[in-house]
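Visitor: Could you walk me through how two chains touch, and how you can tell?
Guide: Sure, let's have a look together.
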Amino acid sequence: MDRRAALRLLGATTTAATATDLHALGRALHRHLGRGAPLRVLDPHQNATVIAVSDVILPATDTPGAKAALVNEFIDLLLADWYEPEDRDRILAGLAEVDARARAAFGKDFVDGTGAEQAALLAALDDAAARWNAAPQATRGPQPFYREIKWLTLFGYYTSEIGAEQEQHYAIVPGRYVPCAPADTAVAPE
Amino acid sequence: MPRTYDALVVGSGMTGGWAAKELTEAGLNTLVLEAGRMVTTEDYVEHVPPWQMRFRGLDDRRARAADQPVQSECYACDEWSSKFFVNDHENPYATPADKPFLFLRGRQVGGRSIMWGRQTYRWSDLDFEANLRDGIAIDWPIRYADIAPWYDHVERFIGVSGEKLGLPQLPDGQFLPPMDLNCGETLVRDAIAKHWPGERVLTIGRCAILTEDHNGRKGCHYCGYCERGCITLSYFSSLNATLPAARLTGKLTLRPHSVVHSLIYDPQRQRVTGVRVIDGETKHAIEFSGRIVFLCASTLESARILLNSATREFPTGLANSSGELGRNLMDHIMGGGASGKVDAPADRMPVGRRPNGIYLPRFRNLPGRPKSPFLRGYAYQGGAGREGWGRGTDLPGFGADWKRALRDPGPWHFNFYGFGECLPNHDNYVEIDPNLKDAWGIPTLRIHCAYGDNEWALMKDASIAAAEMLAAAGARDIAPFIEHNPPGKVIHEMGTARMGRDPKTSVLNGHNQAHDIPNLFVTDGACMASSANQNPSITYMALTARACAYAVDLMRRREI
């Protein structure tokens with residue numbers, strides 16, 4: 001995002017700005033500024049939503065989380081150059097649906113919710129995805145959007161340099177094969 | 001460059017590399033013609049991590065769908081290694097609508113030896129005598145004793161790691177130290193040994209990967225992605241081993257971008273005198289001549305070249321007085337097996353990416369054992385491992401604690417995956433499609449091939465027996481399966497110019513020499529009279545080395 005786009009985003013939200021809004025805006029701007037390639041599919045709000053959802057799923061702990069690993073940029077690339085158009089549109093609709101649920105649950109877009117509100121909403125979606133996963137394959141219908149964004153978050157994170165090297169201690173050249181190493185000292189499998 | 005050589009070798013892959021090495025080491029000026037581009041170790045990408053790939057390994061699926069819809073059916077044709085597979089538009093072929101066949105090809109210096117699976121198993125007389133015993137097709141003109149010294153010769157050079165078992169159906173060889181089984185695999189191995197003592201034996205795969213330094217090549221460093229290349233030359237490919245050895249002799253000329261159109265035949269002398277080449281880049285025609293020709297272009301390409309070389313004397317294809325050229329195409333059948341969760345130690349896991357799995361040799365229809373309701377047999381590959389972060393999608397939860405839990409390995413799984421013998425069948429054949437040419441204007445193949453009832457019966461039995469063994473090992477959530485793969489997918493295609501004793505029923509004799517044309521040798525998979533169930537490359541290599549020695553001897557005696 002360039003400076004002009006940041007100002008436009010700022011201008012669009014100044015009319016009814018509250019402290020919470022400004023705080024959220026500040027976070028959104030922080031997310032946008034100083035990033036790499038310009039986004040090609042996700043608009044600023046969709047991008048902020050992807051960042052927020054992915055970073056609730058895989059937050060920073062003793063290692064950086066999904067946001068720092070720029071999972072959003074990888075998802076944008078897939079939406080632009082990998083997914084079929086109908087799949088891309090379904091994912092974008094899924095993001096809008098998250099906002100619709102957020103407004104119904106706590107009266108704000110997902111990105112503007114508190115950490116607790118965001119977590120409660122994703123917990124409900126996570127339960128629904130688990131029920132879908134446990135249901136018979138023949139009758140359960142297409143996977144929920146949440147399961148798709150959860151997979152995208154996992155894949156984007158663990159295949160990033162941060163996720164692979166810092167979180168998983170992935171070694172490009174292990175140098176040896178230890179068939180039965182102690183699991184607590186071992187490198188996690190891919 | 002010179003146009004005349006002692007020997008012409010068509011193909012630079014698994015067998016072409018061996019022909020190049022053996023013929024140059026015997027002192028012959030040898031021209032190796034490779035249809036594709038030059039490849040060097042600069043092309044190797046095994047250490048490029050996912051985050052440096054545009055799609056992180058999910059592949060550029062639009063490009064693949066556009067240019068490699070067939071090739072991308074191979075597991076190894078991925079975001080890293082698709083450059084080692086052909087463009088399907090440049091290399092078309094046809095099949096009847098009801099007989100799909102996957103023609104998976106690597107046209108470059110090194111051929112498919114760059115991306116092969118590296119599994120390396122000797123045949124035994126159980127295999128060489130099988131056609132005779134069953135009254136199927138024709139008898140092999142050789143027995144194990146004929147090829148055993150050549151297996152030794154090849155293994156000593158390429159380096160094969162494995163465990164000696166003393167099994168008559170899977171002879172031991174010249175092995176480097178075996179790789180290790182992990183603790184999921186030893187658990188299953190021990191349970192099988194207890195339930196089927198002396199009958200079913202689980203071992204580590206015998207593979208052409210070095211477990212210690214060997215012949216100037218380094219031991220494996222367990223990065224795990226051999227099909228992307230290997231800068232330490234730790235797995236065998238022609239690029240890593242045989243072509244460099246041939247180059248050392250000073251007798252090798254390697255010409256990439258040399259698409260062989262056909263062979264040139266002199267009816268007066270009843271010899272092949274050379275080859276017609278289309279330059280892959282300029283598309284200009286050019287001819288090279290040699291005293292002997294080795295066809296090592298791969299089973300189907302060698303058959304295609306001979307079919308495209310028809311003359312007045314051989315109107316249905318060169319060296320085809322038998323009518324068997326193009327016939328008896330086989331490919332192993334795969335995909336009968338079972339998977340399950342095993343109770344291996346939760347506090348243990350493998351570290352490093354071992355580019356090899358387990359092997360469970362054939363145990364059906366062995367001499368002195370009960371007969372199964374099908375012919376021949378199958379073997380399993382597979383192995384044990386623990387789930388990684390990929391399980392997170394369906395692992396309920398999210399957040400900091402959940403992320404921490406994903407750091408630990410998940411459940412132990414074990415997978416048995418069967419590979420079965422394919423019977424030779426006269427009705428599985430290739431012919432030249434009169435209407436289809438490749439990007440170089442060369443008529444291409446129409447492939448007619450389907451598995452029969454015996455192949456499917458093998459996979460059904462492989463699925464049931466795998467589930468039994470997992471049950472014996474105390475596995476949970478056992479899931480038997482039978483995949484319905486089209487032939488070609490195993491990439492063990494063979495037959496189409498079979499060896500035999502009788503010139504009336506076979507194309508090649510017991511030394512891979514054409515019955516009809518004594519200075520023509522075909523030593524790739526085309527020569528096979530049956531398929532056994534073992535991965536075939538080591539047998540092709542041994543037959544090639546053996547044929548080279550024979551040809552050199554005939555040349556010295558001025559017989560060819």
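Visitor: How many residue pairs are in polar contact across the interface of chain B and chain A, and what makes them count?
Guide: There are 28 such pairs, with both residues at pLDDT 80 or more. A polar contact is a pair of N or O atoms within 3.5 Å, where one must be able to donate a hydrogen and the other to accept it, and residues adjacent in sequence count only if both atoms are side-chain atoms. This is a predicted model, so local features need pLDDT of at least 70 and side-chain atom pairs 80 or more, while totals for chains, interfaces and linings use all residues. Side-chain values use heavy atoms, without hydrogens and water, residues are numbered from 1 along each chain, and chains are lettered from A in the order written.

Visitor: Why is the pair B:Arg54 and A:Asp81 called a salt bridge?
Guide: A salt bridge needs a side-chain nitrogen of Lys or Arg within 4 Å of a carboxyl oxygen of Asp or Glu. Here N to O is 2.4 Å, so the pair fits. Chain B and chain A share four salt bridges.

Visitor: What makes S11(B) and strand S1 of chain A a pair?
Guide: Strands (DSSP runs of E, at least two residues, numbered from the N terminus) pair if DSSP finds at least two bridges between them. These two have three bridges, so they pair, and they run antiparallel. One of the bridges joins A:Ala181 to B:Met349.

Visitor: How do you know which residues are in contact?
Guide: Contact means heavy atoms within 4.5 Å. By that rule, 47 residues of chain B are in contact with 61 residues of chain A.

Methods. Helix = DSSP H or I, 4+ residues; strand = E, 2+ residues; numbered from the N terminus.
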